[in-house]
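Visitor: I would like a close look at a single part of this structure. Please pick one place and follow what surrounds it.

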Amino acid sequence: LDMCAALMAPVGVTETLVADVSAQALGHTTENYAVHVMGNSGGYIALTLQNVTVLAENATDLNVGLHNYYHSTLTLRGGTFTARSGDGAYAITNGGDNTTLRAENVVALAEDAGENFGLVNGEAVVYLLGGSFTARGGTITRGIYNYTWSFLEAEGVTALGENSSGNNYGLENAMAKVILHGGAFTALGGAETRAIYNQRSGAALQAVDITALAQDSSAANSGLYNADEAKATLQGGAF
């Protein structure tokens, strides 16, 4: 098999609630997706996951806890999303046109792969209220990675990248927009740490009363690293 998925939501799934269930994709395949949600240009998806426990591991290439993609509106209320091992581990991914993720008090963990990401948002929209997003081990980590024309707004979240051999970032925002209200962003260990990395033309960061901490790298630690024509507006906070 090339791919395993425990729970799939195709086009036409609307006004649907999945509550208090466990979804595990554990096959020794190329890719594992514990929850796979995908619309298309001809149809939308509207789905709510409440207190769902998700695990993806053992695939050689990609292990993805939750994959939300293309013409989909997904709401998460609590729940735990874990991905580990393989070349890449992604606890939660969100991407594609007309795609929105709203998540409240979720726990996302990616670990022990070559590259580990707690939350990835690409060309899509994310709203976060509380919750923790952790990436650990391997060669690179990103607690949250927001990129390429995406929008992310977060209130009171915790994002952590730690213990990779390369670079560890709590939050990376690349050519995208992010608004932060409170919360803690931390990067620990490896060759380079950046609690928040805001980069490239078109990137915009607005942060109010956040905490950013970078420490224990072998070369360079940055609480906030702003580069390549990116814009940052800060109000209060500790760096």
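Guide: What follows goes through one residue, then a strand beside it, and then two loops. This is a predicted model, in which local features need pLDDT of at least 70 and side-chain atom pairs count only at pLDDT 80 or more, while totals for chains, interfaces and linings use all residues. Residues are numbered from 1 along each chain as its sequence is written, and side-chain values use heavy atoms, with hydrogens and water left out.

Start at Asn198. Asn198 belongs to strand β22, which covers residues 192–199 (strands are DSSP runs of E of at least two residues, numbered from the N terminus). Asn198 counts as buried because its relative accessible area is 0%, and buried means under 20%, with exposed over 50% and partly exposed in between, for a 1.4 Å probe and protein chains only.

What does the side chain of Asn198 make polar contacts with? One partner is the side chain of Asn173, at 2.9 Å. Another is the side chain of Asn226, at 2.7 Å. A polar contact here is a pair of N or O atoms within 3.5 Å; within protein, one must be able to donate a hydrogen and the other to accept it, and residues adjacent in sequence count only if both atoms are side-chain atoms.

Contact in general (heavy atoms within 4.5 Å) gives Asn198 a longer list. With neighbours within four places in sequence left aside, the residues that Asn198 touches include Asn173, Tyr225, Asn226 and Ala227. Ala204, Leu205 and Lys231 are also among the contacts of Asn198.

Two of those names, Ala204 and Leu205, lead to strand β23, residues 204–208. Side chains alternate along β23. On one face are Leu205 and Ala207, both buried. On the other face are Ala204, Gln206 and Val208, which are not buried.

β23 has a partner in strand β20 (residues 177–181), and the two pair in the parallel sense over 5 bridges; strands pair if DSSP finds at least two bridges between them. In this pairing, Gln206 of β23 has Ile179 opposite. β23 also pairs with strand β26 (residues 231–235), in the parallel sense and over 5 bridges. Here Ala204 stands opposite Lys231 of β26. Ala204 and Lys231 were both named above as contacts of Asn198.

Now the loops. Gly182 sits in the loop between β20 and β21, the latter being residues 184–188. Is Gly182 buried or exposed? Gly182 is buried, with a relative accessible area of 18%. Val208, which is in β23, is one of the contacts of Gly182 when neighbours within four places in sequence are set aside. The others are Gly156, Asp209 and Ile210. Gly182 and Val35 are 147 residues apart in sequence, and their C-alpha atoms are 29 Å apart in space.

The other loop runs between β25 (220–227) and β26, and Glu229 lies in it. Glu229 counts as exposed, at 65% relative accessibility. Glu229 is not a glycine, yet its phi is positive, about 70 degrees.

To go over the part once more: Asn198 is buried, with side-chain polar contacts to Asn173 and Asn226. β23 supplies Ala204 and Leu205 to the contacts of Asn198, and β23 pairs in the parallel sense with β20 and with β26.

Technical notes. Helices (H or I, at least four residues) and strands (E, at least two) are DSSP runs, numbered from the N terminus.
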